[in-house]
Amino acid sequence: MRLKTGHNTHGFTLLEIIITLTVTAVLATMIYTYFGKAFSESVTPITRLKISAALQRVMENITADYNVYPKWRSGTDYTQDTSFVIPTVFNGFYYKCTTAGSGYSGAVEPVWPQRINAATVAESTGMIWTAIGKLRETATPYGMPLLTLKGNIGAEGSDQDNAYGKYHDVKNRFTHFDDSGLDLESDDTGAKANKILKVTLRNDSGETQTALFVSD
């Protein structure tokens with residue numbers, strides 16, 4: 001008697017393997033097409049933000065160099081003999097904290113004396129401010145004269161990497177405005193000469209920032 005032997009198949013056929021690999025390759029291509037760019041460029045917004053912040057920091061450094069004395073603020077921790085301020089409404093003088101009192105300024109701004117070494121009790125906290133000098137009569141008004149600031153920023157059209165930071169100097173010139181408000185951008189030799197410095201900076205991404213520095 002002849003017995004039939006059963007024939008059982010195990011595993012995948014070559015055709016099934018080829019189909020599986022083909023489908024996997026197609027799916028992988030689709031995933032990379034739709035998500036690959038997003039994954040690779042996910043850091044771009046952060047990079048751009050850092051570049052923009054760097055340009056902002058450069059302009060802040062320039063401003064701090066010019067406005068060496070901050071404006072008075074209420075509720076601020078001022079220290080004796082080391083804190084200097086100017087009034088919120090500029091009057092030409094700057095003041096030193098000669099008596100700290102409780103150490104914090106009050107809620108109401110004092111009436112600032114406009115003569116040298118005239119002291120005033122600034123707040124009910126006992127803090128006393130003394131007029132030390134007149135800014136426009138000192139060697140470093142607001143930190144430095146506009147002409148010096150202009151030179152420190154650098155020549156127009158040049159790339160700079162200095163104490164202020166890294167930037168391209170797009171515009172760095174004196175200007176004034178006519179009666180209609182038109183920006184004349186000229187080094188006028190009349191009464192308005194060297195009173196307003198216009199500065200425009202640019203970073204490597206092409207972003208620009210402009211500021212006006214005004215002298216009395």
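## Accessibility and D81

Buried means under 20% relative accessible area, exposed means over 50%, and partly exposed falls in between. D81 has 42% relative accessibility, so this residue counts as partly exposed. The structure is a predicted model.

D81 sits in the loop that runs between helix 2 and strand 1 (84–85). The backbone is notable here. D81 is not a glycine, yet its phi is positive, at about 70°.

## Overall fold

The protein has three helices and eight strands. Along the sequence they follow the order α-α-β-β-β-β-α-β-β-β-β. Two helices thus open the pattern, and the third helix falls between two runs of four strands.

The chain has 216 residues, and 31% of them count as buried. Contacts between residues at least 6 apart in sequence give a view of the range of the fold. Of these, 48% join residues at least 24 apart.

## The largest pocket

How much space lies in the largest pocket? The volume is about 230 Å³. The lining is made of 17 residues. Nearest the centre of the pocket lie A54, K166, Y167, N203 and D204.

Three elements give two or more residues each to this lining: helix 2 (44–66), strand 5 (158–162) and strand 6 (165–175). Helix 2 gives the largest share, with six residues. By character, the lining residues divide into six nonpolar, five polar and six charged.

## Helix 2: L55 and D65

Two residues of helix 2 show where this helix meets distant parts of the chain. L55 lies in helix 2. Its relative accessible area is 4%, so L55 is buried. Beyond its neighbours within four places in sequence, L55 is in contact with L201, R202, N203, E207, T208 and Q209. T208 is 153 residues away from L55 in sequence. In space, the two are 8.1 Å apart, C-alpha to C-alpha.

D65 is also placed in helix 2. Is D65 buried or partly exposed? With 27% relative accessibility, D65 counts as partly exposed. The C-alpha atom of D65 is 8.1 Å from that of L149. Along the chain, D65 and L149 are 84 residues apart.

## Strand 6: the salt bridge

The structure holds one salt bridge. Which side chains meet in it? They are those of R173 and E156, with an N to O distance of 2.8 Å. R173 belongs to strand 6, while E156 belongs to the loop between helix 3 (146–153) and strand 5, so the bridge ties together parts 17 residues apart in sequence.

Both partners are partly exposed. R173 has 26% relative accessibility, which puts it in that class. E156 falls there too, at 34%.

## Strand 6: N172

N172 is found in strand 6. At 3% relative accessibility, N172 counts as buried. Its side chain reaches two backbone oxygens. A polar atom of the N172 side chain lies 2.8 Å from the backbone oxygen of K150. The N172 side chain also reaches the backbone oxygen of G154, at 2.8 Å.

What does N172 touch, leaving aside neighbours within four places in sequence? Its contacts are K150, I153, G154, E156, L197, K198 and V199. E156 in this set is the residue that meets R173 in the salt bridge. K150 and G154 are the residues whose backbone oxygens the N172 side chain reaches.

## Strand 4: T130

T130 is placed in strand 4 (residues 128–134). The relative accessible area of T130 is 10%, so T130 is buried. Not counting residues up to four places away in sequence, T130 touches Y94, Y95, K96, T98, N117, A118 and A119.

Methods: Residues numbered from 1 in each chain as written. Predicted model: local features only at pLDDT ≥ 70, side-chain atom pairs only at ≥ 80, totals over all residues. Heavy atoms only, no water. 1 Å grid on protein atoms, 1.4 Å probe; cavity = no way out; pocket = protein on both sides within 12 Å on 5 of 7 lines; lining within 4 Å. Points joined across faces, edges and corners; volume = space filled by probe spheres on them. Nonpolar A, V, L, I, M, F, W, Y, C, P; charged D, E, K, R; others polar. Salt bridge = Lys/Arg side-chain N within 4 Å of Asp/Glu carboxyl O. Buried < 20%, exposed > 50% of the residue type's maximum accessible area, 1.4 Å probe, protein only. Polar contact = N/O pair within 3.5 Å; in protein donor to acceptor, adjacent residues only side chain to side chain. Contact = heavy atoms within 4.5 Å.
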